[in-house]
Amino acid sequence: MGIGVHAFSSCHDITSLTIPDSVTSIGTQAFWDCYGLTSVTIPNSVTSIGNGAFWYCYGLTSITIPDSVTSIGAFAFAECSGLTSVTIPDSVTSIGYGAFAECSGLTSVTIPNSVTSIGEGAFAECRGLTSVTIPDSVTSIGDRAFLNCSGLTSVTIPNSVTSIGERAFYNCTGLTIYAEATSKPAGWNSSWNDIDRPVVWGCALSADKTYVVSFTKSASSIDNPTATHGITAPYRKGYMFGGWSTMNGGTTAAYTAANVNTAPNGTTLYAIWIKD
């Protein structure tokens, strides 16, 4: 059984909702414009969340997506400006077009290893996001996926990402991108980084590809080091960045994030991570 198209659209008086276990799908714009909705419980029977299912439910402050869900439709949670964090379960393989667009209150998002594609504009206008870790299951990042995420300071991109669309990080004015690739892969659009944010190439990543371990400074390893706001620190969940050491396992910083470009070419630099 599914909840049909527009089933509860613009039902402004609904404040909380528990969907019964008999439901397997939430239809297109099923709860669109239910801006009074503050909490919703989605059971493990649900496998798909349709296009625009919770679009403009700006009263929602949190959402738990169960492990049964395999797809999150286009604009499923768009303009849910009250959302502050989202954990996407391991069952989800794709995040649809604009799925979390204009979730301006969103500060953190966990993308699991099951996701292979991040859709066009998936997190566009999420101005509260400060960092994103992209798992090594992801092969494509769509056009304008993180457009106008002006709070974003760090993104880590593993080698698995063979395709990045145009303006993927447009107007992310304080961003530094840490890439496992040693140079721009052929499948990355020519305007993938069209505002010329700093990119640190050739990063050695952790076994799970979630954070930077080290990189070797060379004449070509850092693009655009003098961009506005300079080079910002990499991100690791649960840790603070303590600078770059010239020794593996070192705890004393020889360089900060901001001045790492001054390190001599040929120097291998190791990230210092301090438990937060």
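## A serine in a loop

Ser10 is found in the loop between β1 (2-3) and β2 (16-18); strands here are DSSP runs of E with at least two residues, helices are runs of H or I with at least four, and both are numbered from the N terminus. This is a predicted model, so local features need pLDDT of at least 70 and side-chain atom pairs count only at pLDDT 80 or more, while totals for chains, interfaces and linings use all residues. Residues are numbered from 1 along each chain as its sequence is written, and side-chain values use heavy atoms, with hydrogens and water left out.

What makes Ser10 worth a look is its backbone: phi is positive, about 60°, although Ser10 is not a glycine. Most residues other than glycine have a negative phi. Ser10 is partly exposed, with a relative accessible area of 31%; buried means under 20%, exposed means over 50%, and partly exposed is in between (1.4 Å probe, protein chains only). Glu102 does a similar thing, with a positive phi near 60° in a residue other than glycine. Glu102 lies in the loop between β9 (94-95) and β10 (108-110), and is partly exposed with a relative accessible area of 40%.

## The chain as a whole

Forget helices here: the count is zero, against 22 strands. The radius of gyration is 20 Å, close to the 19 Å that the globule rule gives for 276 residues, so the chain is as compact as a globular protein of that length. That radius is taken over C-alpha atoms, and the globule rule is 2.2 Å times the number of residues to the power 0.38. Along the principal axes, the C-alpha atoms fill a box of roughly 60 × 35 × 25 Å.

Of the 276 residues, 51% count as buried. Take the contacts (heavy atoms within 4.5 Å) between residues at least 6 apart in sequence: 36% of them join residues at least 24 apart.

## What fills the inside

A nonpolar core is a set of buried Ala, Val, Leu, Ile, Met, Phe, Trp, Tyr and Cys residues joined through side-chain atoms within 4.5 Å. The largest one has 65 residues, and Phe54, Phe77 and Phe123 touch the most other members. The elements that give two or more residues to this core are β14 (154-157) and β16 (176-179). Apart from it lies another core, of 18 residues, including Ile222, Trp244, Ala257 and Ala271.

Which residues does Phe54 meet once neighbours within four places in sequence are set aside? Among them are Ile26, Phe31, Leu37, Val40, Ile42 and Leu60, along with Phe77 and Cys80.

## Rings on rings

Rings of Phe, Tyr and Trp (its six-membered ring) pair if their centres lie within 6.5 Å; planes under 30 degrees apart count as stacked, over 60 as edge-to-face and the rest as tilted. By this rule there are 19 aromatic pairs. Phe54 and Phe77 are stacked, 5.4 Å centre to centre with 5° between the planes. Phe54 sits in the loop between β5 (48-49) and β6 (63-64) and Phe77 in the loop between β7 (71-72) and β8 (85-87), so the pair ties together parts that are 23 residues apart in sequence. Both of these Phe residues are buried.

Trp55 and Phe75 are stacked too, because their ring centres are 4.9 Å apart and their planes are at 10°. Trp55 is in the loop between β5 and β6 and Phe75 in the loop between β7 and β8, so this pair ties together parts 20 residues apart in sequence. Trp55 is partly exposed at 23% relative accessible area, and Phe75 is partly exposed at 26%. Ring pairs also link a cluster that includes Phe8, Phe31, Phe54, Phe77, Phe100 and Trp201.

## Charges over rings

A charge sits over a ring if NZ of Lys or CZ of Arg is within 6 Å of the ring centre and within 35 degrees of the ring normal. The charged end of Arg167 sits over the ring of Tyr170, 4.6 Å from its centre. Arg236 lies over the face of Tyr211, at 3.8 Å from the ring centre.

## Two open sheets

Strands pair if DSSP finds at least two bridges between them. One open sheet has four strands in the order β18-β19-β22-β21, with antiparallel pairing. Its edges are β18 (204-205) and β21 (239-245), each with a single partner strand, so one side of each is left without a neighbour in the sheet. Two bridges join β18 to β19 (residues 212-216), and the bridge partner of Leu205 in β19 is Val212.

The other open sheet has five strands, ordered β12-β14-β16-β17-β20, and its pairing is mixed. Its edge strands are β12 (131-133) and β20 (222-223). β12 and β14 pair in the parallel sense over three bridges, and Thr133 stands opposite Thr156 in β14.
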